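Here is a quick walk through one model, with an eye on helices, buried charges and salt bridges. Have the sequence and the 3D view side by side as you read.

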Amino acid sequence: METIFEYINILGSFSLAVSGALTAMHKRFDVFGVFIVAFVTAVGGGTLRDMFLTEREVFWMHDTNPLYAIITGTVLAIVFRSKIKHLYKPLLLFDAIGLGLFTITGVQIGINENLEIIHCIILGTITGTFGGIIRDILVNEIPVIFRKEVYATISILGGFVYYFMYFANLETLWTNVVPIVLIITLRLVVVYFKISLPSIYKKEKN
C-alpha cells in the first residue's frame with residue numbers, strides 16, 4: 001500500500017508541476033518564476049495538509065522523489081512549450097490528474113491517522129485543491145475553486161467514494177483507480193460542458 005501511494009505522490013507532483021509551469025509560461029514568467037509556480041502548485045496542498053497534522057513531517061522534506069518529479073515535469077513543460085499549441089487543454093488535463101491523485105492521497109493519510117470521515121475528506125480536498133489556489137494567486141487570477149466552476153465539489157465526491165471503497169475492503173487496485181478516474185473524468189466533463197454551480201447573486205438589470 002505504501003508503495004502505491006509513493007507512486008501516486010510522485011505522479012501527482014509531476015502532473016501539478018506541469019500544470020503550474022504551463023500557467024506561469026502562459027503569463028510569460030521567467031524561468032525562475034516558472035519553477036516557483038510549478039513547485040508551489042505541486043506541494044502547496046500537501047504541505048498545508050501536513051502542517052495541520054502536527055505529528056507528521058512535511059512530505060517533501062523527507063522524501064526527495066516528489067521534488068525530482070517536480071523538476072522533471074517543469075523542465076519537460078519548458079522544453080516542449082513550443083509544441084503545445086493550445087496551453088489551455090493540457091493545463092486542464094494535468095490539473096485534473098493532479099486533483100484526482102492528490103485527493104485520495106489526502107484521504108488515505110487521514111485514514112492512517114485514524115481521523116473521522118469528515119476530517120479525511122477535508123484533508124483530501126485540501127491536498128487536491130490548495131496547490132491550485134496558491135498557483136492562481138501567484139499569477140494574479142481568482143482561484144478556480146472560488147469561481148462558479150465545479151472543482152472542490154468533485155474532489156469531495158471522489159474523496160467519499162475512495163473512503164467507502166477502502167472500508168468496503170475492495171481490491172486495492174480498484175479502490176485507488178476508480179476514485180481517481182472518477183475525479184479526472186468529472187473534472188474534464190464539467191469543463192467541456194461548462195457546468196457550474198448556481199450563483200447566489202442575481203444579475204443586475206440595466
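A residue counts as buried when its relative accessible area is under 20%, as exposed when it is over 50%, and as partly exposed in between. Keep in mind that this is a predicted model.

With that cut-off, Arg187 is buried, because its relative accessible area is just 3%. Arg187 belongs to helix H8, residues 172–192. What lies 3.3 Å from a polar atom of the Arg187 side chain? That would be the backbone oxygen of Val150. Val189 is also part of helix H8, but at 33% relative accessible area Val189 is partly exposed. The C-alpha atoms of Val189 and Ala69 are 27 Å apart, with their positions 120 residues apart along the chain.

**Helices H4 and H5**

Ala69 brings us to helix H4, where it is one of the buried residues, along with Pro66, Ile70, Gly73, Thr74, Ala77 and Ile78. Looking down the axis of H4, you'd find the buried residues within an arc of 160 degrees, so they line one face of the helix. Some background helps here: an α-helix has 3.6 residues a turn, so residues three or four places apart point the same way. The length of H4 works out too: its 15 residues (65–79) should span 21 Å at 1.5 Å a residue, and the end C-alpha atoms are indeed 21 Å apart.

There's a nonpolar patch on the surface as well, made of Tyr68, Ile71, Val75, Leu76, Val79 and Phe80, with about 540 Å² of accessible area together. Phe80 sits in the loop between H4 and helix H5 (88–112), and its 40% relative accessibility makes it partly exposed.

H5 itself has 25 residues and reaches 36 Å from first C-alpha to last, close to the expected 36 Å. Of those 25 residues, 20 are buried, so H5 is largely enclosed by the rest of the structure.

**Positive phi angles**

After H5 comes Asn114, with a positive phi near 60 degrees. Arg28 has a positive phi too, about 65 degrees, although it isn't a glycine. Arg28 is in the loop between helix H1 (2–26) and helix H2 (31–52), and at 76% relative accessibility it is exposed. Asn140, another non-glycine, has a positive phi near 65 degrees. You'll find Asn140 in the loop between helix H6 (117–138) and helix H7 (152–167), exposed at 72% relative accessibility.

**Salt bridges**

How many salt bridges does the model have? The count comes to five, among them these:

| Pair | Closest N to O distance |
|---|---|
| Glu141 and Lys27 | 3.1 Å |
| Asp50 and Arg56 | 2.7 Å |
| Arg135 and Asp95 | 3.1 Å |

Take the salt bridge between Glu141 and Lys27. Glu141 is in the loop between H6 and H7 and Lys27 in the loop between H1 and H2, so this pair ties together parts 114 residues apart in sequence. Glu141 is partly exposed at 30% relative accessible area, and Lys27 is partly exposed at 33%.

In the Asp50 and Arg56 pair, Asp50 is buried at 1% relative accessibility, whereas Arg56 is partly exposed at 28%.

Is the Arg135 and Asp95 pair buried or exposed? Both residues are buried. Their salt bridge links distant parts of the chain, with Arg135 in helix H6 and Asp95 in helix H5, 40 residues apart. Finally, salt bridges with shared partners join Arg49, Asp50 and Arg56 into one network.

Conventions. Residues are numbered from 1 along each chain as its sequence is written. This is a predicted model: local features need pLDDT of at least 70, side-chain atom pairs count only at pLDDT 80 or more; totals for chains, interfaces and linings use all residues. Side-chain values use heavy atoms; hydrogens and water are left out. Helices (H or I, at least four residues) and strands (E, at least two) are DSSP runs, numbered from the N terminus. The expected span of a helix is 1.5 Å times one less than its number of residues. Buried means under 20% relative accessible area, exposed over 50%, partly exposed in between (1.4 Å probe, protein chains only). The arc is that of the directions from the helix axis to the C-beta atoms. Patches are made of residues with over 30% relative accessible area and no salt bridge: like charges are joined within 9 Å, nonpolar side chains (Val, Leu, Ile, Met, Phe, Trp, Tyr) within 5 Å. Accessible areas come from the Shrake-Rupley method with a 1.4 Å probe; for residues, only the protein chains shown count as cover. A salt bridge is a side-chain nitrogen of Lys or Arg within 4 Å of a carboxyl oxygen of Asp or Glu. A polar contact is a pair of N or O atoms within 3.5 Å; within protein, one must be able to donate a hydrogen and the other to accept it, and residues adjacent in sequence count only if both atoms are side-chain atoms.
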